[in-house]
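Here is an informal tour of one model, taking in its pockets, its helix contacts and a couple of backbone oddities. Have the structure open as you read.

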Amino acid sequence: MRDELRLFTGNANQELAVEICEYLSIGLGEAVVDKFKDGEIRVSISENVRGVDAFVVQPTGPPAENLLELLILLDALKRASARRITAVIPYFGYARQDRKDRPRVAITAKLIANLLTKAGADRVLTMDLHAPQIQGFFDIPLDHIYAAPVLLRYFDEAVKNNLVVMVPDIGSIKMGRAFAKRLGASLGFVDKRRPKPDATKVMNVVGDVDGKHVIMIDDIISTGSTLIEAAQAIRKLGGISITAGATHAVLAGDAVQKLTESIIAEVVVTNTLSVARNASSKIKVLSVAELLGEAIDRIHEEKSVSSLFV
Ligand code: R5P
């Protein structure tokens, strides 16, 4: 049985896949992932993968083509007799619809878990899931890793005294607590409401921000409205400087422009999604390639992944 590690990717974030390959000192797996004239996705694996340990790196943020490319790549690898297939999903899209919070809505996170398994994933490696309990939607092994070491290394260098870590909703409090502990900061949170999808209304700021430097931590930046509204509320209460950090830079619509024009001094994100490094002078993009590469290596070598974070 061959047990070679091979890594494939679609078109969602090729740059990250190449960086991971560099870390692993392997070449990118050869595959064609393009479209027929009518727009349907065409995938063909161009090398022999019989018996290999295959990893497919593909975030599943919009457009939906990214998810479809991943599913079709998994199917192609399965039919080509790869020994084991791991879907490496740096950003797991559709995760925010993870429960029936209103009547007659879908639970897309579960649907995507079912699709991935059906398409041929034997295991999943993902990063900063919107809700950690999404792990339970899978009946295959899933490794859930965190971008925190990458963001913390950056904030550690820039850190100031008189610091508060704020999270813009209760869901991110655990993440915020870990950041506050490591940075020696106090912790607070913003109580926000969503009057309608993609809009934010800040109800309360819990925690003392008067005369403090504030780092706001979140998992996702989509429209940017959560961070921008929270920053304005914090400034009104006397916050001196406001920096934001988030793992997944979805940056929907005019988010880049809104963040650039906002009172937030710097927005630090990672490259789980493809973000142009020169998108804005305010947006700093950090790479999670080494972290993902190390996790892939450990999965391949059957070593502990959790010990990466102790
Ligand atoms: C929500 O629960 C998430 O943690 C983020 O706060 C949210 O996805 C950010 O969305 P937006 O940038 O559109 O406000």
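Let's start with the second largest pocket, whose walls come from E19, V150, R153, Y154, L286, S287, A289, E290 and L291. Keep in mind that this is a predicted model. The elements that supply two or more residues to that lining are α4 and α8 (289-300). The volume of the second largest pocket is about 170 Å³. Sorted by class, its lining comes out as five nonpolar, one polar and three charged residues.

Now for enclosed space. Rolling a probe the size of a water molecule over the atoms shows where empty space is left. One cavity of 30 Å³ or more turns up in the structure, and the largest cavity holds about 70 Å³ of space. Its lining is made of N13, E15, L16, E19, N271, L273, S274, V275, R277 and V285. Which helix gives the most to this lining? That would be helix α1 (residues 14-24), with three residues. By class, the lining of the largest cavity splits into four nonpolar, three polar and three charged residues. Notice E19: it appears in the lining of the largest cavity and also in that of the second largest pocket.

Here are the three helix pairs side by side.

| Helix pair | Crossing angle | Axis separation |
|---|---|---|
| α4 and α5 | about 40° | 11 Å apart |
| α2 and α3 | roughly 25° | within 8 Å |
| α1 and α8 | roughly 55° | within 8 Å |

Take α1 and α8 first, since both have come up already. Their axes come within 8 Å and cross at roughly 55°, so α1 and α8 are oblique to each other, as the angle falls between 35 and 65 degrees. The crossing is right-handed. On the α1 side the contact uses L16, E19, I20, Y23 and L24, and on the α8 side A289, E290, L292, G293, E294, I296 and D297. That contact counts seven nonpolar, one polar and four charged residues. So E19 does another job in this picture, as one of the α1 residues that touch α8.

Next come helix α4 (residues 148-158) and helix α5 (residues 173-183), which pack at an angle of about 40°. That makes α4 oblique to α5. α4 passes α5 in a right-handed crossing. From α4 the contact draws on A148, L151, L152, F155 and D156, and from α5 on F179, R182 and L183. Six of the contact residues are nonpolar, none are polar and two are charged.

The last pair is helix α2 (residues 65-79) with helix α3 (residues 108-119), crossing at roughly 25°. Because angles under 35 degrees count as roughly parallel, α2 is roughly parallel to α3. Here L67, L70, L71, L74, D75 and K78 of α2 meet I112, L115, L116, K118 and A119 of α3. The tally for this contact is eight nonpolar, no polar and three charged residues.

Finally, the backbone. Most residues other than glycine have a negative phi, and most peptide bonds are trans. Where does this chain depart from that habit? P62 and P63 are joined by a cis peptide bond, with omega about 0°. You'll find P63 in the loop between β4 (53-57) and α2. Then there's Y94, which isn't a glycine but has a positive phi of about 65°. Y94 sits in the loop between β5 (84-89) and α3.

Note on methods
Residues numbered from 1 in each chain as written. Predicted model: local features only at pLDDT ≥ 70, side-chain atom pairs only at ≥ 80, totals over all residues. Heavy atoms only, no water. Axes fitted to C-alpha atoms, helices over the stretch in contact; angles between N-to-C directions. Helix = DSSP H or I, 4+ residues; strand = E, 2+ residues; numbered from the N terminus. Parallel < 35°, antiparallel > 145°, perpendicular 65-115°, else oblique. Left-handed = near helix turned anticlockwise from the far one by under 90°. Contact = heavy atoms within 4.5 Å. Nonpolar A, V, L, I, M, F, W, Y, C, P; charged D, E, K, R; others polar. 1 Å grid on protein atoms, 1.4 Å probe; cavity = no way out; pocket = protein on both sides within 12 Å on 5 of 7 lines; lining within 4 Å. Points joined across faces, edges and corners; volume = space filled by probe spheres on them.
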